[in-house]
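Here are a few notes to read alongside the model, put together for a colleague who likes to check things by eye. They go through the enclosed and open spaces and then the helix pairs.

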Amino acid sequence: MDPVRVDLAAVPPDVLGLCERLRSREKRSWIVGGCVRDLLLGRMASDWDIATDARPNELLSIFPRAIPTGIEHGTVTVVVAGQHYEVTTLRGEGTYSDGRRPDWVEFVDDITADLARRDFTVNAIAIDSLDGKLIDPFDGRGDLGRGLLRAVGDPKARFAEDGLRVLRAARFVATLELALDPATEAAIALTLDTYRKVAQERVKGEWIKTMGARLPSRAFDVMRRTGILGVTCPELLEGVGLQQNKWHVYDVWRHALECMDACPADPVLRVAALLHDVGKPRTRAWSDASHDYTFYDHDRVGAEIAEPITARLRFSNEERARIVSLVRHHLFHYSGWTDAAVRRWIRRVGHDRVEDLYVLNAADLRAKGRDFATDLDALAQLKAHVARVLAQGAALSTRDLTINGHDLIRDLGLRPGPVIGQILDALLEAVTSDPSLNEREALLGLAREQLAAKGS
């Protein structure tokens, strides 16, 4: 059978240029890894990696400006026109006592031996940079055609080497829309002790990449089935099989996944969607009046649960604040609010969170599994009402008042202290109810009344 070849015109010229430089020094090179997989799938490849029989010291000679990012393992990073390309010496690997990096590597000359150390067959494919010949010793191309994700060789051995690989398996099920090979899936539960060694920053990185999938729920279903989620985020498992009420077709777990899938591919927003009802299991109560379950205060409880989860997963302070705020304020039901009520809602949730909440609420409604047209109409009415209120230029924070703390100190003879903030908050509440009060003399008059009341 003639070998399968790839048209090298699909490979970026800069990548071929690096291979040509290696060839000029009588070294062979292959394009390897995820970029080959994406090329075969007709997807846009983001990272292009090169494997070569050149030894590490030779790489630094051939590419004198290379960054020795992992030189002890044979990897250098070459920067061309602002793009970073990893060039790595062919290698075999020893044991992984830390569950992340090999204790030792052995440099080899055989591309097949190098591919044998990789995680999944779909990632263990190479292209010969000389003639485009496909090197596919583990039938990764066949697995792509079958829609299958399968470990290279013994899956238990592969997962025991690098604890993150089990989470990568879940991610690829979602991002590549592949089915997980049964033997590969069965090995995950047997290697969770290695997964427990993985740094939380790496786990967070996989979550973020997963959220770019069309249906990230595919990954989280794998995580639930295999025990990964029990290690990473057991709080979410409390919703598995937990019946809701007449407004919901799905249990709490499936509803969260449906909500996440219904959101656009904004990773942090999707994490908020995944966590938005995490407080429901701990607030569920039976109502004799409605003959149904209630979840009073689940938004507040959910925010309290989401805070340590996002901290544990090493989300940034800004990301954590966004996620926790969305969980806390995701629950609202618009029904002909007054302008003052709309202004109070904007103040409560934060002007900068309003657009996120629109998106999250729409996804939440769609994820109930029932007719949501009426609820979406109400959301559209809220959007229009908020737009009208914002167009009026109403004060939404103390910074929008026509007086500030300095005015209170100068005009009313107050001393700096907590009372300043208390009075400004009271003035903002008054202006929220009646925007016409947001004038200097009116506010000073109200401030005097506040002081008199405090004095009495």
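1. Let us start with the largest cavity, which holds about 60 Å³ of space. Please keep in mind throughout that this is a predicted model. The count comes to one cavity of 30 Å³ or more.

2. Which residues line the largest cavity? Going along the chain, they are Glu235, Leu236, Gly239, Val252, Trp253, Ala256, Leu274, Asp277, Val278 and Pro281. Helix α13, residues 252-262, gives the most to this lining, with three residues. By class, the lining has seven nonpolar residues, one polar residue and two charged ones.

3. Next, an open space: the second largest pocket contains about 680 Å³. It is lined by 29 residues, and those closest to its centre are Trp247, His248, Leu331, His333 and Lys368. If you would like a place to centre your view, those five residues are a handy choice.

4. Which elements give two or more residues to the lining of the second largest pocket? They are the strand β13 (292-294) and the helices α15 (298-312), α18 (354-366) and α19 (373-391). The largest share comes from α19, with four residues. Sorted by class, the lining of this pocket has 11 nonpolar, eight polar and 10 charged residues.

5. Now to the helix pairs. Helix α18, already met in the pocket lining, packs with helix α16 (residues 317-329) at an angle of about 60°, and their axes are 10 Å apart. That angle makes α16 oblique to α18. The crossing of α16 past α18 is right-handed.

6. On the α16 side of this contact you will find Arg322, Leu326 and His329, and on the α18 side Asp356, Leu357 and Leu360. The residues of the contact between α16 and α18 divide into three nonpolar, one polar and two charged.

7. Helix α7 (residues 165-175) and helix α11 (residues 217-226) are worth a look too. Their axes come within 7 Å and cross at roughly 145°, and the crossing is right-handed. From α7, the contact takes Leu167, Ala170, Arg171, Val173 and Ala174, while α11 brings Arg218, Ala219, Val222 and Met223. Seven of the residues in the contact of α7 with α11 are nonpolar, none is polar and two are charged.

8. The last pair is helix α17 (residues 339-349) with helix α21 (residues 418-433). How far apart are the axes of α17 and α21, and at what angle do the two helices pack? The axes are 8 Å apart and the angle is about 140°. The two helices are therefore oblique to each other.

9. In this contact, Ala340, Arg343, Arg344 and Arg347 of α17 meet Leu428, Glu429, Val431, Thr432 and Ser433 of α21. By class, the contact of α17 with α21 has three nonpolar, two polar and four charged residues. When you have the two helices on screen, Arg343, Arg344 and Arg347 in α17 and Glu429 in α21 are among the residues to pick out.

Key: Residues are numbered from 1 along each chain as its sequence is written. This is a predicted model: local features need pLDDT of at least 70, side-chain atom pairs count only at pLDDT 80 or more; totals for chains, interfaces and linings use all residues. Side-chain values use heavy atoms; hydrogens and water are left out. Axes are lines fitted to C-alpha atoms, for helices over the stretch in contact, and angles run from 0 to 180 degrees between N-to-C directions. Angles under 35 degrees count as roughly parallel, over 145 as roughly antiparallel, 65 to 115 as roughly perpendicular and the rest as oblique. Contact means heavy atoms within 4.5 Å. Ala, Val, Leu, Ile, Met, Phe, Trp, Tyr, Cys and Pro count as nonpolar, Asp, Glu, Lys and Arg as charged, and the others, Gly among them, as polar. On a 1 Å grid over the protein atoms alone, a cavity is a set of points where a 1.4 Å probe fits but cannot get out, and a pocket is an open set with protein on both sides within 12 Å along at least five of seven lines; lining residues have an atom within 4 Å of a point. Grid points are joined across faces, edges and corners, and a volume is the space filled by probe spheres set on the points. A crossing is left-handed if the near helix is turned anticlockwise from the far one by less than a right angle, and right-handed if clockwise.
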